[in-house]
Amino acid sequence: MPDFTKLLGVNWIDPVLRRKQNDPARAPNPQWIKDKVDNIVSRKMNAIRIPIYMETLFQGSTYSPANVITHLTALASYCESKGIYSYVEFHQFANNDSTDVGSSSSPGGGGGLPAYLVAGQNAMTFYDNIWSTTNEPPIWNEIFNKYWLPILNAIDSYQFVLGYELFNEPPLYRPAHWQGLVNFNTAMAQKIRAWGSQKYILFV
């Protein structure tokens with residue numbers, strides 16, 4: 001593991017990993033990765049944070065993770081060859097493009113969550129479900145199996161991949177959501193550990 005006091009890095013903004021599901025498909029781009037990572041190295045930095053939209057694993061309504069996983073693997077591999085540490089996080093901004101679960105100031109202006117997860121729900125209903133305080137809802141297994149598992153299989157073996165942030169900037173709409181978020185983070189961390197990863201698990 002690195003000396004964390006000596007890590008200096010940037011946010012990795014990637015058009016393949018942060019594509020909205022209804023945008024045109026983007027092919028893996030190893031040359032783009034090489035150019036960007038080489039630029040980071042030239043600036044004497046040694047770490048990146050990798051935000052990924054869950055919805056980018058879809059093309060329209062079709063679950064299609066292959067391009068994303070190929071691109072992410074190429075990124076992890078090239079970073080390793082250059083001594084660049086990284087961690088992956090599932091990113092959302094105002095939830096989704098959906099007008100049901102969008103930004104309160106700009107409905108439909110968000111991104112990150114696939115449309116089918118939030119369809120027909122407002123933000124309160126959706127987060128009442130995902131931040132459950134009573135039992136493990138099906139959505140937790142859905143998030144692990146469909147989103148985390150392909151990433152773990154692809155990049156967990158890379159030494160310079162430090163870990164995973166479970167859910168970036170989680171929206172909390174009522175006091176009970178705090179405990180629900182603890183339950184979600186605990187369950188997701190347990191699933192990652194049960195799979196076999198010993199990487200850092202990050203949450204906020």
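**A tour from the loop at E169**

Begin by selecting E169, which sits in the loop that runs between strand 6 and helix 6; helices (H or I, at least four residues) and strands (E, at least two) are DSSP runs numbered from the N terminus. The model is a predicted one, in which local features need pLDDT of at least 70 and side-chain atom pairs count only at pLDDT 80 or more, whereas totals for chains, interfaces and linings use all residues. Residues are numbered from 1 along each chain as its sequence is written, and side-chain values use heavy atoms, with hydrogens and water left out.

E169 is not a glycine, yet its phi is positive, near 45°, and with a relative accessibility of 54% the residue counts as exposed (exposed is over 50% relative accessible area, buried under 20%, partly exposed in between, with a 1.4 Å probe and protein chains only). Most residues other than glycine have a negative phi. For another such case, select K44, in the loop between helix 1 (30–42) and strand 2, where phi is about 65° although the residue is not a glycine; K44 too is exposed, at 69% relative accessibility.

From E169, move to helix 6 (residues 176–195), whose 20 residues reach 29 Å from the first C-alpha to the last, close to the 28 Å expected at 1.5 Å a residue, the expected span being 1.5 Å times one less than the number of residues. Its buried residues are H177, G180, L181, F184, N185, A187, M188, A189, K191 and I192, and their cover includes helix 4 (123–130), helix 5 and strand 7. Just after helix 6, G196 has a positive phi of about 130°.

Within helix 6, display F184 with its contacts (heavy atoms within 4.5 Å): leaving aside neighbours within four places in sequence, they are I130, W131, W140, I143, L166 and F167. F184 is also one of the residues that touch the most other members of the largest nonpolar core, along with I130, W148, I151 and I155, in a set of 52 residues. Such a core is a set of buried Ala, Val, Leu, Ile, Met, Phe, Trp, Tyr and Cys residues joined through side-chain atoms within 4.5 Å. Its largest share, 10 residues, comes from helix 5 (residues 138–155).

Now colour the strands. An open sheet of 5 strands has the order 1-2-5-6-7 with parallel pairing, where two strands pair if DSSP finds at least two bridges between them. Strand 1 (9–11) and strand 7 (200–202) are the edge strands, each pairing on one side only. Strand 6 (residues 161–165) runs parallel to strand 7 and is joined to it by 3 bridges, with E165 standing opposite L202.

In strand 2 (residues 47–52), select I52, which is buried at a relative accessible area of 0%. Not counting residues up to four places away in sequence, I52 touches L17, L57, L72, V88, E89, F90, H91 and I151. E80 is 28 residues from I52 along the chain, and the two C-alpha atoms are separated by 19 Å.

Finally, colour by pLDDT, the predictor's confidence in each residue, from 0 to 100. The chain has a mean of 89, and 92% of its residues reach 70 or more, but over residues 99–107 the value stays under 50, and there the model has 18 contacts beyond four places in sequence. Where pLDDT is low, the predicted coordinates should not be read in detail.
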